[in-house]
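Reader: I'd like to go through this one by asking what earns each label. Can you take me through it?

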Amino acid sequence: MRNLTLSLALLAGTALSTPVFADGHLPIVEEPLELSIHLHFKRATAYDENWPVEQAAREMTNIHLKNATVGSNTDNSEEAFNLLLASGDIPDIVGTTRIKEYVNQYGPEGAFQPLNDLIEEHAPNLKAFLDERPELRAAITSADGNIYYVPYFPDGKYGRAYFIRQDWLDKLGLETPETVAEVKTVLEAFRDGDPNGNGLKDEVPYFARQWEEAVRLVTLFDGRTSGSDTYHDFMVDDGQIKHPYATEGYRDGIKNLAEWYAEGLVDSEVFTRGSSARDFLLSENLGGMTHDWFASTSGYNRLSSEIDGFAFKAFAPPASPSGRRLAEHRRIPVKPDGWAMGFGNEHPIETIKYFDFYFAEEGRRLANFGVEGQQYEMVDGEPKFTQEFLDGGPVNAQLYQVGGQLVARGFPQDYNYEIQWTNEIALEGIALYDQGDYLTDQFLGVSMNTDEQKTFDKSWSSIRTYMLERQQAWILGTGNVEADWDDYMATLEGMGLNDVLSVMQSAYVRQYGG
Ligand code: CA
């Protein structure tokens, strides 16, 4: 009898239009309402109705998401999205990585619903969030003035930091370097002074898991490598869109970096060693300095149990010749990932309220920390992960498995979720970065109209390839950046760089008001 009542309730919920409660009131609908969803990103290639986070969300909102993901057999979200489009059947909700570019292209053509009015009228928490950060509202606005997706908003300021073997400095009687000249002295001492004490000249002074982090050293010479958390991205300089690889600071930085590379101060295998570089070079007591994420890099101090005195500490960005101290990498406040509403969705109000739920306290906590009593307990009014959960492996990986921290869901991250499993040494480093004014504003991307996009697409990819080719050649010592520079700039111009910058500039002014 109870089952029958439940099924009737479910039937009623889907067949009739259900009354929607007032804003902010839970549940969102009186009777359960089913909405279909395509959810696809690298770590989850389908929506799982059994995720504890999803079950809790159902219970709180009465909105039941049903998996309708296309392309779950691939972990390539772009491929999956193209399959979805080809099927011609867009579910009520679509959540995926890089959804921004898809909805900005297909939204104006009618495949996705504009959300502006819905947010204004029915999403008080999301609206408040965007009202407080107008630059984020601008960043998610399409060229036609509409908002077509609700993004994942990362939290926390810092990403990567400079790290150095503190015990090697101590051993060699050196201080933490404060300037780029002092960095060079330290790296030379690492190369020549046998700080690992094995009698061999085997130390790798500067190393990186991503070769782009070797190029990042040009920032120590007043150059730039990116305007955002994406490598090789455009940047905004005094209201003007520029590309870092077409600026004189970069030229000077590359000149110096090529010298460092030739002198063995930078890992000779930096372009080929790959993602295991940090693990290998630290475990083998060979690597001296890098630029990498605070939390995971600090974690290597566990090696002190095997390597006597091992201490790998964050240090502040050293000053460039002009005196600039720059932490070029930081967490970006808005991602191109998140979710959107398909054109055929017949419950836009309920759906926007569901989107809004993740910006309210209960939903935000759920998306960030998981389920109370399972992953965390409330202690003094704050969610605290249980010891059992903290001991169960990397916290983010565990959360993905229960439906938490999904980047294909639009939600505001809460950095407190990460602090709880960030070690003391990382927190010390973050405090050090907090003392200085090292961060710079980020380029949050532009939404180009069809004509602008056409100009961009025509040239950008080949320009970028050419820039990276020259970059690597100069660092490896093929060609001389100073001698080649005028030809390089002329080639970029001939390939259409100024046209690309000009369409981006017009999009930028339209979107952010210049
Ligand atoms: Ca040695």
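Author: Sure. This is a predicted model, and its largest nonpolar core has 75 residues. Phe-234, Trp-260, Val-266, Tyr-488 and Met-504 have the most contacts inside that core. Helix H20, residues 450-476, gives the most to it, with eight residues. Another core, of 67 residues, lies apart from it and has Ile-119, Leu-130, Ala-367 and Leu-444 among its members.

Reader: What makes a set of residues a nonpolar core?

Author: The members have to be buried residues of the nonpolar kinds, joined through side-chain atoms within 4.5 Å. As background, nonpolar side chains in soluble globular proteins tend to be buried together.

Reader: Back to H20: how does its reach compare with the span expected at 1.5 Å a residue?

Author: H20 has 27 residues and covers 39 Å from first C-alpha to last, close to the expected 39 Å. There is still a bend of about 35 degrees in H20, at Trp-460.

Reader: What makes Asn-449 a cap for H20?

Author: A side-chain oxygen of Asn-449 lies 3.2 Å from the backbone nitrogen of Asp-451, at the N-terminal end of H20. The cut-off for a polar contact is 3.5 Å, so this pair qualifies. Just after H20, Gly-477 has a positive phi of about 95 degrees.

Reader: Why is Asn-76 called partly exposed?

Author: Its relative accessible area is 34%. Buried means under 20% and exposed means over 50%, so a value in between is partly exposed. Asn-76 sits in the loop between strand E2 (63-67) and helix H3 (77-87). A polar atom of its side chain lies 3.0 Å from the backbone nitrogen of Glu-78. Asn-76 and Thr-45 are 31 residues apart in sequence, with their C-alphas 8.6 Å apart in space.

Reader: How do you know which protein atoms are donors of the calcium ion?

Author: By distance: for Ca the limit is 3.2 Å, and the listed atoms lie 2.2 to 3.0 Å from the ion. The donor residues are Asp-194, Asn-196, Asn-198, Leu-200, Asp-202 and Glu-203, with Leu-200 giving its O and Glu-203 listed twice through OE. Along the chain the spacing reads D-x1-N-x1-N-x1-L-x1-D-E. Asn-196 and Glu-203 are both buried.

Reader: What makes E2 and E4 edge strands?

Author: Each of them pairs on one side only. The open sheet has five strands in the order E2-E1-E3-E11-E4, and its pairing is mixed. E1 and E2 run parallel over five bridges, with Ile-37 opposite Asn-67 in E2. E3 (residues 93-96) and E11 (residues 338-341) are antiparallel over four bridges, and Gly-95 stands opposite Trp-339 in E11.

Reader: Why is strand E1 called largely enclosed?

Author: Six of the eight residues of E1, residues 33-40, are buried, so the rest of the structure largely encloses this strand. Strand E9, residues 287-293, gets that description because six of its seven residues are buried.

Reader: Which strands pair with E9, and how do you know that they do?

Author: Pairing takes at least two bridges. Strand E5 (residues 160-165) makes five with E9, in the antiparallel sense, and Phe-163 has Thr-290 in E9 as its bridge partner. Strand E6 (residues 204-206) runs parallel to E9 and is joined to it by two bridges, so the pair meets the minimum. There, the bridge partner of Val-204 is Gly-287 in E9.

Terms used: Residues are numbered from 1 along each chain as its sequence is written. This is a predicted model: local features need pLDDT of at least 70, side-chain atom pairs count only at pLDDT 80 or more; totals for chains, interfaces and linings use all residues. Side-chain values use heavy atoms; hydrogens and water are left out. Buried means under 20% relative accessible area, exposed over 50%, partly exposed in between (1.4 Å probe, protein chains only). The expected span of a helix is 1.5 Å times one less than its number of residues. The bend at a residue is the angle between axes fitted to the seven residues ending there and the seven starting there. A polar contact is a pair of N or O atoms within 3.5 Å; within protein, one must be able to donate a hydrogen and the other to accept it, and residues adjacent in sequence count only if both atoms are side-chain atoms. Donors are N, O and S atoms within 2.8 Å of the metal (3.2 Å for Na, K and Ca); water is not among the atoms, so sites may look incomplete.
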